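Trainee: Hi, have you got a few minutes to go through a structure with me? I'd like to talk about strands and cysteines.
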Amino acid sequence: MMDWTDRHCRAFHRTLTRRALLYTEMVTTGAILHGDLDHLLGFDACEHPVALQLGGSEPRDLAEAARIGADRGYDEINLNVGCPSDRVQSGRFGACLMREPALVAESMAAIGEAVRVPATVKCRIGVDDQDPETSLFGLVDACAAVGVRTFIVHARKAWLKGLSPKENRDLPPLDYPLVYRLKAERPDLTVIINGGVPGLDAAEAHLARVDGVMLGRAAYHDPGVLGAVDRRLFGAAGPDVDPWTAVERYRPYVLAQRARGVGLPAMIRPMLGLFHGRPGARTWRRILTVEGVRPGAGAEVIENALRAVSPRVVEPV
Ligand SMILES: Cc1cc2nc3c(=O)[nH]c(=O)nc-3n(C[C@H](O)[C@H](O)[C@H](O)COP(=O)(O)O)c2cc1C
């Protein structure tokens, strides 16, 4: 998610789940081909498995950007066919590509030839006045014909005229049954559902009908939910990761990044919701946001905030 799931956020989320696949923010081909690659694509080995999401629609550029991403060690290359912002539409990529399945397929074929890691698509069910069944199945079938096996479907349309990107994440109605039907009628494909999934109970319910669930805002605002993902969704043994353990695991990362001169605010931002719903959550947030922005603030701010929240409770397994 743009401006949210940066490398620090992903490193933090990785302390909570070893198994969930993490995604970068969308990075455009133009940025990759002309920009500062360390800044745009740098990530820490702890983030694996991590997918690079590309934005673009020029097959040759996408292939080159994908190759660069795969060379840097990304585990999957994903194409964004869902972003509705104006900026993206004028560049002819994101959700408006739902209208151009042949171009998306050509792009995916080029990416698939350029890399050995999986090349996947994240799409909407349609845009504007498209019939979602026709647009979703049309896009998926065109891409499957060139070898794409995995589709992440944000189960609502994007309305490209008149809605802000934020509204486009909430207002067009969700159509989960259409995504279930895609899986039922294309059983060989891996279908991952996305959109409005509030937590793991809902994720488990979806998993009876599809192969995977992508959590966006819920994972960002309430990252503690990720602490139960490995056990509940992947059947891993062992206790869930509680917030205190997540902080312990994140500490070495923070210290290493501070030593390289990375400022604290970017690293504490993804932690703000960690104690969501627990006693002390507001104090935790307040200490991190107030003390964390002071010049020279270091990892001790996190310790201060931790001391202020309720003591660790041992949770039943
Ligand atoms: C701040 C923000 C930035 C986003 N950026 C991206 C992005 O770069 N690429 C993408 O595929 N989706 C992006 N999304 C959409 C989410 O991936 C997801 O599809 C959407 O929020 C619906 O899922 P959710 O209800 O679980 O959040 C973004 C969402 C938010 C809130």
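Trainee: Which residue in E4 does Asn-80 stand opposite?
Mentor: Asn-80 faces Lys-122 there. Keep in mind that this is a predicted model.
Trainee: And how do E3 and E4 pair, parallel or antiparallel?
Mentor: Strand E3, residues 76-81, runs parallel to strand E4, residues 119-123, and five bridges link the pair.
Trainee: What holds paired strands together in general?
Mentor: Strands of a sheet pair through hydrogen bonds of the backbone.
Trainee: Okay, how many strands form the sheet, and in what order?
Mentor: Seven, lined up as E1-E2-E3-E4-E5-E6-E7 in an open sheet with parallel pairing.
Trainee: Which ones are the edge strands?
Mentor: Those are E1 (22-28) and E7 (212-214), and each of them pairs on one side only. On average, neighbouring strands of this sheet are turned by 25 degrees against each other, ignoring direction.
Trainee: Switching to cysteines: how many disulfides are there?
Mentor: The structure has zero disulfides. Take Cys-46: its nearest cysteine sulfur belongs to Cys-9 and lies 12 Å away.
Trainee: Is Cys-46 buried, exposed or partly exposed, and why?
Mentor: Cys-46 counts as partly exposed because its relative accessibility is 33%.
Trainee: Then why is Cys-83 not bonded to Cys-96?
Mentor: Their sulfurs are 9.3 Å apart, which is too far for a bond, even though Cys-96 holds the closest cysteine sulfur to that of Cys-83. A disulfide needs the two sulfurs within 2.5 Å.
Trainee: And is Cys-83 buried or exposed?
Mentor: Cys-83 is buried, as its relative accessible area is 18%.

How values were computed. Residues are numbered from 1 along each chain as its sequence is written. This is a predicted model: local features need pLDDT of at least 70, side-chain atom pairs count only at pLDDT 80 or more; totals for chains, interfaces and linings use all residues. Side-chain values use heavy atoms; hydrogens and water are left out. Two strands pair if DSSP finds at least two bridges between them. Helices (H or I, at least four residues) and strands (E, at least two) are DSSP runs, numbered from the N terminus. Axes are lines fitted to C-alpha atoms, for helices over the stretch in contact, and angles run from 0 to 180 degrees between N-to-C directions. Buried means under 20% relative accessible area, exposed over 50%, partly exposed in between (1.4 Å probe, protein chains only).
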